[in-house]
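Colleague: I am new to this structure and should be grateful for a close look at one part of it, namely the enclosed space inside the protein. Please describe what surrounds that space and how the surroundings fit into the chain.

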Amino acid sequence: MSVWESLAVLAAGIGAGTINTIVGSGTLITFPVLLATGLPPVTANVSNTLGLVPGSLSGAIGYRKELRGQRARVLRLGAVSLVGGLAGAVLLVTLPSDSFDTIVPVLIALALVLVVLQPRLAKALRRRQEAAGDTGHPDGGPALLTGMLLSSAYGGYFGAAQGVLYLGLMGLLLHEDLQRVNAVKNVVAVLVNSVAALFFLFVAEFDWTAVVLIALGSTLGGQIGAKVGRRLPPTALRAVIVVVGALAIVQLLLR
């Protein structure tokens, strides 16, 4: 990897760490850059996954204030997401990517619809629950657990826009402020990326230069993203999510 390629990977890591903390989809920044340096797709994917772990952790630390009072929720959703992330990592080394390429843009589009309509849908859901005398599950119930399991399987497999999927699901099914939901999303992303990276250590080949550069860049980006993201009002945060998610769909369709 040349000096200029190294600088490009480092810059991509900063951008990915920033956008991952605010929304997700940082992989759509780093993955194409790694491919441009000549890395094979699988090597680029697993190196990217491991390199983004410190950035996800940095972003989660930046959102620690919003995590207060959510320990039980994080443990419950985190446990399910660990299982899903490991399953996705296994799928990466056993299945062709064609099986996921068609459905991924559809999943992201659905998540964007949920993010945009979340306030209205959440109010309608609460009204229905109140009319039926049901207060709902404080942690989303089986519907959220199932959604997080499947989204995390996708995250362990590739991970582009997995944060958008998480925000769409949790924003609809949890009666929480979007910033607190985003804090949970960052912790879940740490767990999914970590379990996938740990699995890849035993079965895949890494480019350690790329791993280190992305790790350094994403760690810095995680702190930048936390500072920016925490100041965004819900409407602005939703707008960012929609823009990033739409770009993710376009890039995946053209890939």
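**The largest cavity and its surroundings**

Modeller: The largest cavity has a volume of about 190 Å³. Of the 22 residues that line this cavity, those closest to its centre are Asn20, Ser56, Gln162, Ala189 and Asn193. A search of the whole structure finds one cavity of 30 Å³ or more. The model is a predicted one, and its confidence deserves a word before the details. The protein chain has an average pLDDT of 82, and 82% of the residues score at least 70. Helix H10, residues 208-229, has the highest mean pLDDT among the elements, at 93, while helix H5, residues 98-101, has the lowest, at 60. Where pLDDT is low, the predicted coordinates should not be read in detail.

The setting of the cavity is a helical chain. The secondary structure amounts to 11 helices and zero strands. Of the 255 residues in the chain, 53% count as buried. Among contacts with a separation of 6 or more, 84% are accounted for by residues 24 or more positions apart.

Which helices each supply at least two residues of the lining? They are helix H1 (3-22), helix H3 (41-62), helix H8 (162-173) and helix H9 (178-203). Helix H3 gives the most, with six residues. In its chemical character, the lining divides into 16 polar residues, five nonpolar and one charged.

Two of the residues closest to the centre of the cavity, Ser56 and Gln162, may be followed in turn. Serine 56 belongs to helix H3. Its relative accessible area is 8%, so serine 56 is buried. Beyond its neighbours within four places in sequence, serine 56 is in contact with Asn186, Ala189, Val190 and Asn193. Ala189 and Asn193 are also listed with serine 56 among the residues closest to the cavity centre.

Glutamine 162 is found in helix H8. With a relative accessibility of 7%, glutamine 162 also counts as buried. Residues up to four places away in sequence being set aside, glutamine 162 touches Tyr154, Gly155, Ala189, Val192 and Asn193. Ala189 and Asn193 thus appear in the contacts of serine 56 and in those of glutamine 162. The C-alpha atom of glutamine 162 is 9.5 Å from that of threonine 27, although the two residues are 135 apart in sequence.

Threonine 27 leads to helix H2, which covers residues 27-36. The buried residues of helix H2 are Thr27, Leu28, Thr30, Phe31 and Leu34. These residues lie on the same side of H2, because they cover an arc of only 165° around the axis. Just after H2, glycine 38 takes a positive phi of about 105°.

Helix H3 can be examined further at two other positions. Valine 42 lies in this helix and counts as partly exposed, at 46% relative accessibility. Valine 42 and valine 93 are 51 residues apart in sequence, and their C-alpha atoms are 8.5 Å apart in space. Isoleucine 61 is likewise found in helix H3, and its 43% relative accessibility makes it partly exposed. The C-alpha atoms of isoleucine 61 and glycine 222 are separated by 8.7 Å, with their positions 161 residues apart along the chain. Helix H3 therefore holds residues of both kinds: serine 56 is buried, whereas valine 42 and isoleucine 61 are partly exposed.

Helix H8 also has neighbours in helix H7, residues 141-157, where serine 151 lies. Serine 151 is buried, with a relative accessible area of 8%. Apart from its neighbours within four places in sequence, serine 151 is in contact with Leu165, Tyr166 and Leu169.

In summary, the cavity of about 190 Å³ has a lining in which polar residues number 16, and helix H3 contributes six residues to that lining.

Technical notes: Residues numbered from 1 in each chain as written. Predicted model: local features only at pLDDT ≥ 70, side-chain atom pairs only at ≥ 80, totals over all residues. Heavy atoms only, no water. pLDDT = per-residue confidence, 0-100. Helix = DSSP H or I, 4+ residues; strand = E, 2+ residues; numbered from the N terminus. Buried < 20%, exposed > 50% of the residue type's maximum accessible area, 1.4 Å probe, protein only. Arc of directions from axis to C-beta. 1 Å grid on protein atoms, 1.4 Å probe; cavity = no way out; pocket = protein on both sides within 12 Å on 5 of 7 lines; lining within 4 Å. Points joined across faces, edges and corners; volume = space filled by probe spheres on them. Nonpolar A, V, L, I, M, F, W, Y, C, P; charged D, E, K, R; others polar. Contact = heavy atoms within 4.5 Å.
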